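User: I am a first-year student and would like a close look at a single part of this protein, followed outward into whatever surrounds it. Could you take me through it slowly, in one connected answer?

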Amino acid sequence: MSEFQTVAKVGSLTEGQGTTIEVGDKLIALFLHGGQYYAIDDSCPHQGASLGAGYLDEEGAVSCPWHAWRFSVCDGTWCDNPKLGVDTYEVRVEGEEIQVKL
């Protein structure tokens with residue numbers, strides 16, 4: 001799947017909020033930070049908790065709700081060791097649709 005898929009409507013997330021969405025057979029965490037939408041893998045690489053359910057801080061780092069591992073929603077890097085991270089996905093807004101490309 002390499003095409004953009006509509007995953008949500010503009011206005012469905014508030015600033016600083018995240019959610020988990022399903023795109024094909026993949027779970028993606030979608031965030032609104034600084035007026036921009038970001039998409040990363042939903043599963044924390046530590047023990048699989050949902051990053052979409054985590055707390056997003058003002059710097060754009062989401063904290064895993066289980067063990068507080070922090071990942072940048074902008075580039076997917078783990079804040080404690082930038083050599084590691086989660087996958088990120090391209091996001092665009094077309095009209096009122098938020099779309100993600102895997």
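Analyst: Let us begin with L84, which, once its neighbours within four places in sequence are left aside, is in contact with G76, T77 and W78. Please keep in mind throughout that this is a predicted model, and that the values below are computed from it. L84 lies in strand 9, and with a relative accessible area of 45% the residue is partly exposed. The C-alpha atom of L84 is separated by 34 Å from that of G95, although the two residues are eleven apart along the chain.

The contacts of L84 lead to the neighbouring strand. Strand 8, made of residues 77-78, pairs with strand 9, made of residues 81-85, in the antiparallel sense and over two bridges. As background, the strands of a sheet pair through backbone hydrogen bonds, and they can do so either parallel or antiparallel. Here a hairpin carries the chain from strand 8 to strand 9 through two residues, and across this pairing W78 stands opposite N81 of strand 9.

W78, already met as a contact of L84, also takes part in an aromatic pair, and the structure holds one such pair. The rings of W69 and W78 have their centres 4.3 Å apart and their planes at 15°, and because planes under 30 degrees apart count as stacked, this pair is stacked. Is each of the two partners buried or exposed, or something in between? W78 is buried, with a relative accessible area of 14%, whereas W69 is partly exposed at 22%; the limit for buried is under 20%, so the two residues fall on either side of it.

From here we can turn to the cysteines, where a cut-off again decides the matter. A disulfide requires two cysteine sulfur atoms within 2.5 Å, and by this rule the count comes to zero. For C64, the nearest cysteine sulfur is that of C44, at 3.8 Å, and C64 is in no disulfide. C64 counts as buried, at 5% relative accessibility. The sulfur of C74 has its closest cysteine sulfur in C79, 9.8 Å away, which is too far for a bond, and C74 is partly exposed, with a relative accessible area of 41%.

The interior comes next. The largest nonpolar core has 14 residues, and F31, I40, L51, V62, F71 and V73 are those with the most contacts inside it. Two elements, strand 3 (26-33) and strand 4 (36-41), each give two or more residues to this core. There is also a second, separate core of 13 residues, which includes V7, V23, L32 and V100.

I40 is a useful residue to follow from the core to the sheet. Not counting residues up to four places away in sequence, I40 touches a list of residues that includes F31, L51, V62 and V73, and T88 is on that list as well. I40 also stands opposite T88 in strand 10, and strand 4 is joined to strand 10 (residues 88-94) by two bridges, the two strands running antiparallel.

That pairing belongs to an open sheet of six strands, in the order 1-11-10-4-3-2 and with antiparallel pairing. Strand 1 (4-9) and strand 2 (18-23) are the edge strands, each pairing on one side only. From one strand to the next, the twist of this sheet averages 35°.

Note on methods: Residues numbered from 1 in each chain as written. Predicted model: local features only at pLDDT ≥ 70, side-chain atom pairs only at ≥ 80, totals over all residues. Heavy atoms only, no water. Buried < 20%, exposed > 50% of the residue type's maximum accessible area, 1.4 Å probe, protein only. Core = buried A, V, L, I, M, F, W, Y, C linked by side-chain atoms within 4.5 Å. Helix = DSSP H or I, 4+ residues; strand = E, 2+ residues; numbered from the N terminus. Contact = heavy atoms within 4.5 Å. Pairing = 2+ DSSP bridges. Axes fitted to C-alpha atoms, helices over the stretch in contact; angles between N-to-C directions. Phe/Tyr/Trp six-rings, centres within 6.5 Å; stacked < 30°, edge-to-face > 60°.
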